[in-house]
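Trainee: I should like to learn how strand pairing and a metal site are read from a model. May we work through an example together?

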Amino acid sequence: MQDIIKIENNILKFWEQKKILKKLEEKNKDGEPFYFCDGPPYATGELSPGTGWNKALKDMVCRYQRANGKNVRAQAGYDTHGLPIEVKVEKELGLKTKKEIEEHGVEKFTKRCKEFATKYIDVMGRQFIRIGCWMNFEDPYLTFKNEFIEATWSTIKKANEKGLLSRGVYVLPYCSRCSTTLANYELEYGEQKDPSIFVKMKSVDEDNTYYVIWTTTPWTLMSNMAIMVHPTFTYIKIKVGTEIWVVAKETLDRVMKTVDESPIIIEEMSGKKLEGKKYIHPLQDKVEHEADRKIILSDEFVTLEEGSGLVHCAPGHGPEDFIIGKRFGVEIYSPVNEKGEFTKGAYKGKEVRSTNRSIIKDLEKVGALIREEEISHRYPHCWRCKTPLIFMTTDQWFINISQVRDKMLEEIDKVEWQPKFARTRFKDFVSNAPDWCISRQRFWGIPLPVWECKKCKKIKVIGSKDELPKKLEDLHKPYIDKIKFKCECGEEMNRVEDVLDVWMDSGNVIWASLNEEERKIYKKTQFIIEGKDQTRGWFYSLLGSGIIKWDEAPYETVMMHGWFVDEKGEKMSKSVGNFVPFDDMIAKYGADTFRLWGLSCVTWEDVKFSWGELKDAFSTVNTVYNISTFLQRFDSNKKIEESNLQIEDKWMISRLHSTIKEMTELMDKYELYLATRTLRKFITEDISRFYMKLVKKRMSEEMFSDEALYTLREVYFETLKMLMIIAPFASEQIYQEIYKKDKKEESLAFFEWPKFDITKIDKLLENGMEITSEIISASINARQKAQIKLRWPLEKIVFETESTEADLSIEKLSRIIEWLANVKQIEKNTEINSKYSVKIHEGKVKKHYREQGLDEKVISLLKNEDPKKLQETIGRNKIYKIDGLEINPEVVEIEEKVKDYEITLIEKGKVYLYTKINEELFEEAMLREVARRIQQLRKQEELIESDEITIHFESSKKLKEIINKHTSDLLQQTNATEIKEEKLPKIDEIKIEDEKIKLKIIKI
Ligand SMILES: [Zn+2]
Ligand SMILES: [Zn+2]
């Protein structure tokens, strides 16, 4: 085995020192532009295997495009803004709240964020380079740079001009620790225990009557403004002790579970009947907020799966409640501040979730609590700090997606999606996406470029730093907040202090990362690829920004990949302890192995990490090197006669061109994993397992050896050009070792993607070789059954077939079968006296045919049928009918027996291997076995082929006779001058079949 890690490191040095990528870009600079846009990760310092895989996929595409002469723009980039960075810096500085950040100083804080965001960029870049990823890592785009901020501002300005920018209140998931809203796709759901309570709300209209509601967030009762019922569900009034309760009929048992009284139903009605009924809040004096609370209707958000069928509605604290509240004009009441504390009522100043207990106690005190339980349910948490989220109303800025939704959907159809179902998934998301909330109440981000007049509320939106009244070096907070504009009304305009959602940053990457010159060349990116969750993330924010800016999708082809998970399918994480560091994988098996494995996995499915599969890929990489080791052993660079090419050489060349054709088609369709698997199979099966064997055999037979080596060498060269996009290190290394001296180019990367020549493809020959290879495998299996080693020559194979194609192929390819199956000859369609036995499984016949009363008939039909016919059909799992009756293959087994033959069915016929070993074959085999032992001794004593020896042996009688009879053969096979029989007391005895021998060699 080669020291792959060492080789890879040397190749890295070579690429870097000789500036191979730069030279390649220079060579392609007039080629057709191909703009690949890198989706920005955060530079957190440690590369996850998933990020490595993501970059390998990108690199495969870029390398392919470069090999096709394209002028590829592939600049790496990083996300640098946003909460992930802020949270890390808060931890470093020991700050816990926004207030503490303000006291610490926003300027100091954002400076620290900038340092942190770029701290690991070089480290990450090195890791990507280590796996052979060819992108611009020297000058990555960074989202905090002024050009980037300005490009994003100009999008916001454009949105405002188009009437797509608006401000409004909205109920959004909110993290009280981070004091900011989160987007729906940032929520992290986890199991959580919460109280589950049934509560009575007293009717105003009817005496002694209560509406029973249910909630798992008692604190939101403080903002209860209505009760929702379903218009068509059946509700009942029940008498419980002295009170009358209203619940949905179907939920009665659930509500009454722990109530001692047995209820008496006194009235049934539809939910519609309850509309407009008023009620009093059970904690009215604690709420301290007057309102006209009543029952409203909703057929979307009332279910019977849980609760009582009457749903507590707090429009200020639930997204669904908000929609209903808006629809019915219910007040959006949200007495909660940005720290998540109540601002009004009895619990003023308390963090809302912490009041659950007191509220339940208070409800109990006033007799409004029917039951309290604990439930465990999925609840959203902040993805960064893991605090349970609350929903609350905040003032935010929006892009009105609803106004451009149709255009977005139209554009999605113009984009190529890989896989195809990504389009449907994305369209589903866009069809239901709410307006895009782009504002965040944080510090480290692109500032919202909106100024607002204190007096007349007019706004001003700017699109570049030139529009600012004075020059600003750094466009971030807090500097930007000092900038004021003068309003038309004379009053001062202040900046709205928010920063932008980081998805706005990445949503603008496509043009924000380009310089002036490049913006003239590239309007859209030709290709992007990211994880499947990005249908809700980056693919979405890019599309939104593209529509605002250019009225079109900013990408041509979008590819989606799966997630990288552990062996059980769980997300890898350090805290769970199932995280496999990327560096460990690379240190153990190298980058080629990682790439080859990752790129072979179905791209859009989750990749389950597996050391086993990594090891398999490693063995493929070794095969790649082994072929080159073989080539290096021989000076195969001799001129050859084309006309001396043998049929297997023509086959090998045909397979090469078929593979180039297939690879090209697959890569053009971005079928990355199919391309990888195709090439991997071509190398391991066609070249290594099949053709190499023939090459070695030809060399041992001295039969057109130069032609064989020449073919292998040239085919392998073309193969390496393709392999360069998958396993670039091995490909380059082998090029340097074997081909560079003749082919001259400095690096394999400078060769173009190979072109297939249709005239070199001989499909008939390829099919014929496939049949041949099936016959060989069948005969090898037959040998195993008969327990005869492949080393032992056998007399013949008889091949029976009705296919003309198979028949003709065997004619041409018989030598190959004879060689690889180790038989003296192959005969076709020789008459063979077979005995068939048909075994009918009567139990199974009954199972399938008794009910219809056909079992007797089936048995008699089968008994009378020609067994050969049965074998041809049922034996090959084909549907067979006798007398119009379909025979289930389970019910019958057909066995064919011929004396001294082993029989195997293959697709196009039957292979009969003659297993009888006659005296002549036996002697030949035994002699070979002895020769093999002698060769082993030569190896042990480190003799080279040309060293002559004498052989000394002591053996059983029969073996002695064989040796004596074939002495000259043996001497020739082993390059010995003499063979002597003598006593060899100190030497161990070897057993060959039933014979025994002691062997010794002496070098002359
Ligand atoms: Zn948080
Ligand atoms: Zn004004």
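Mentor: We begin with a pair of strands, bearing in mind that this model is predicted. Strand 17 (residues 416-418) is joined to strand 26 by three bridges, in the parallel sense. Within this pairing, E416 faces T557 of strand 26.

Trainee: Which strand is joined to strand 26 by six bridges?

Mentor: That is strand 25 (residues 525-531), and the two run parallel. I528 has V558 in strand 26 as its bridge partner.

Trainee: What kind of unit do strand 25, helix 18 and strand 26 make?

Mentor: Together with helix 18 (residues 538-550), the two strands form a β-α-β unit that is right-handed.

Trainee: How many residues of strand 26 are buried?

Mentor: In a regular strand, side chains alternate between the two faces of the sheet. In strand 26 (residues 555-561), six of the seven residues are buried, and the strand is thus mostly covered.

Trainee: Let us turn to the metal. Which protein atoms are the donors of the zinc ion (ligand 1)?

Mentor: They are the SG atoms of C175, C178, C382 and C385, at 2.2 to 2.4 Å from the ion. The angles among the four donor atoms are 103 to 119°, and the site is tetrahedral. Along the chain, the donors follow the spacing C-x2-C-x203-C-x2-C. Distant parts of the chain are linked here: C178 belongs to the loop between strand 4 (165-175) and strand 5 (180-181), while C382 belongs to strand 15 (residues 369-382), 204 residues apart.

Trainee: Why does C178 count as buried?

Mentor: C178 counts as buried because its relative accessibility is 0%, under the cut-off of 20%. C382 is likewise buried, at 0%.

Notes:
Residues are numbered from 1 along each chain as its sequence is written. Chains are lettered from A and ligands numbered from 1 in the order in which they are written. This is a predicted model: local features need pLDDT of at least 70, side-chain atom pairs count only at pLDDT 80 or more; totals for chains, interfaces and linings use all residues. Side-chain values use heavy atoms; hydrogens and water are left out. Donors are N, O and S atoms within 2.8 Å of the metal (3.2 Å for Na, K and Ca); water is not among the atoms, so sites may look incomplete. Four donors count as tetrahedral if all angles lie between 85 and 135 degrees; four count as square planar and six as octahedral if opposite donors are over 155 degrees apart and all others between 65 and 115; anything else is irregular. Helices (H or I, at least four residues) and strands (E, at least two) are DSSP runs, numbered from the N terminus. Buried means under 20% relative accessible area, exposed over 50%, partly exposed in between (1.4 Å probe, protein chains only). Two strands pair if DSSP finds at least two bridges between them. A crossover is right-handed if, with the strands pointing away from the viewer, the path from the first strand over the helix to the second runs clockwise.
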